[in-house]
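Reader: Could you take one side chain in this model and walk me through it closely? After that, I'd like the sheets and the pocket too.

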Amino acid sequence: MVKYEFKSSPIDLVNPSYDLVVIGAGGTGLSAALQAHELGVSVAVFEKNEVLGGNTSKASSGMNAAESLVQFKHGIIDNKADFYQETLKGGGNLNDEAMLSYFVDHAALAIDWLKQYGVELDDLTITGGMSKKRAHRPASMAPVGGYLITGLLKSIEAARIPVFNKTKVVKVLQDEKGKVTGIDIVGPDGRRKVMAKAVILATGGFGASKEIIKKYRPDLEGYKTTNQAGATGDGLILGEEAGAELVQMDFIQVHPTAQTDGEKTFLIGEAVRGEGAILVNKAGQRFINELDTRKVVSEAITGLNEDGAYLIFDQGVRDHVKAVEFYDHIGLVEHGATLEELAGKIGVDAAGLETTVASWNEAVKGQDDQAFGRTTGMDRDISVAPYFAIHIHPAIHYTMGGLHINPETQVLGKDDKVIEGLYAAGEVSGGLHGNNRIGGNSVAETVVFGRQAGIQASKFVRGEN
């Protein structure tokens, strides 16, 4: 199959003005641009990186939604109230509840919206902190992020929406009253102004900015990150300069399962555990409910003081997580024809591992994990040879804090004052997730609030606010 390649627009085709400009070409920015185009607004997207997709491209598990048609097709009876409460609990009850309500109410609609653009998420898996299979993914079980970005870019191309890469926005322009009037860009041909009636910040978080992390969370200064290199908080700086308030900046998520042994750090998606993998220590023993929230699982791994831990799974689990093929291709997966052989390769006590897996298989059989109370990700045991292991450590993964916005994605300054014409969505914004993000909620956020930003900015441009 020929790999799809999107061709960004040459910088000399930038118009002097648009109704709307979107800063950032990840899932949020592309969703916003597509939605605005649907509503008849002239829109352009600006991306500082050469490669499009941002952190969304690295997402591997799924896109959460409750009461979706896909769930019903799979016989899963879910409800939005549980989705809301479990996300609120996962975020330490520190979520912006108005944003959370909008998010939960519109996630299933976002699944339907994507489908009309050929982005079909017809399979389901589960992530930590959720009681039902809400993480929607492609039927191929491929990583959701790359699939989503490719689908959105195909639609962006079909709609002839210009996307300019290698072009950094260095300032949001405003009039004397603070109303947005455009942006200042630095592209391959130098610096210029682009006028616009509204601007959407969709620049992602600051998980790759050592400076910002050190400022707000010095305890995480030495941690590696799963983020793409461009996640340096640019939108926060642009927003602050325009008068925006920042919220919950010390809420930084550490993902429990990242492979950090080499020069590059690779996220090992939650779907591996969601489809049945377990975590063990050097003694070959489980030590946590693997599908508790990321905060809890990360703290348990760090608390071992054993240079991380190991994900253990078999061919049956592997068959349900296509991302494992990539992990294996780049050398992150150890193989064993037997559990004893696998234990020898990874330096884990063989007898302990065999006992643990046998106990786990009994728990799966009876759907009763007496050891740690796990109730999800128990669709299959670990009994189909060969067996596999991935060495994991916690790593910085997501920044829950950011620009203060309301459910209409308007950026707020001091005293909750709206900055006229400025919108933000996705990881650049703060408040939705509280102090811990549930796996699968970030991809949902990119589409739900990307669309919302596109809708609200279009209303503003059309004079309907």
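Author: Let's start with the word you'll need for the neighbour list: a contact is a pair of heavy atoms within 4.5 Å. Bear in mind that this is a predicted model, where local features need pLDDT of at least 70 and side-chain atom pairs count only at pLDDT 80 or more, while totals for chains, interfaces and linings use all residues. Numbering starts from 1 along each chain as its sequence is written, and side-chain values use heavy atoms, with hydrogens and water left out.

The side chain I'd pick is H255, found in strand 11 (residues 252-259). Strands here are DSSP runs of E with at least two residues, helices are runs of H or I with at least four, and both are numbered from the N terminus. H255 counts as buried because its relative accessibility is 0%, the cut-off for buried being under 20% relative accessible area, with over 50% for exposed and partly exposed in between (1.4 Å probe, protein chains only). Leaving aside residues up to four places away in sequence, H255 touches L267, I268, E270, R273, R294, S298, H393, P394, A395 and H397. A polar atom of the H255 side chain also lies 3.1 Å from the backbone nitrogen of T257.

Now for strand 9 (residues 190-201). For two strands to pair, DSSP has to find at least two bridges between them. Strand 1 (residues 17-23) runs parallel to strand 9 and is joined to it by six bridges, with L20 partnered by A198. Strand 8 (residues 180-187) is antiparallel to strand 9, again with six bridges, and I183 sits opposite V194. A hairpin of two residues links strand 8 to strand 9. Strand 19 (residues 418-424) is joined to strand 9 by three bridges in the parallel sense, and there V199 stands opposite L422.

There are a couple of small open sheets to look at as well. One has three strands in the order 10-17-20, with mixed pairing. Strand 10 (246-247) and strand 20 (429-430) each have a single partner strand, so one side of each is left without a neighbour in that sheet. Strand 17 (residues 402-404) runs parallel to strand 20 through two bridges, and L403 has S429 as its bridge partner. Helix 7 (residues 234-241) lies across strand 10 and strand 17, at about 35° to strand 17; that angle is taken between N-to-C directions on a scale of 0 to 180 degrees, using lines fitted to C-alpha atoms, for helices over the stretch in contact.

The other three-strand sheet is antiparallel, in the order 3-5-4. Its edges are strand 3 (63-64) and strand 4 (123-125), each pairing on one side only. Strand 3 meets strand 5 (residues 135-137) over two bridges, with M63 opposite H136.

Last, the pocket. A pocket is an open set of points on a 1 Å grid over the protein atoms alone, with protein on both sides within 12 Å along at least five of seven lines, and its lining residues have an atom within 4 Å of a point. The largest one has a volume of about 1300 Å³. Among its 33 lining residues, K3, S57, K58, G146 and T150 are the closest to the centre. Helix 5 (144-158), strand 12 (266-267) and helix 11 (323-329) are the elements giving two or more residues to that lining, and helix 5 gives the most, with six.

Methods
Polar contact = N/O pair within 3.5 Å; in protein donor to acceptor, adjacent residues only side chain to side chain. 1 Å grid on protein atoms, 1.4 Å probe; cavity = no way out; pocket = protein on both sides within 12 Å on 5 of 7 lines; lining within 4 Å. Points joined across faces, edges and corners; volume = space filled by probe spheres on them.
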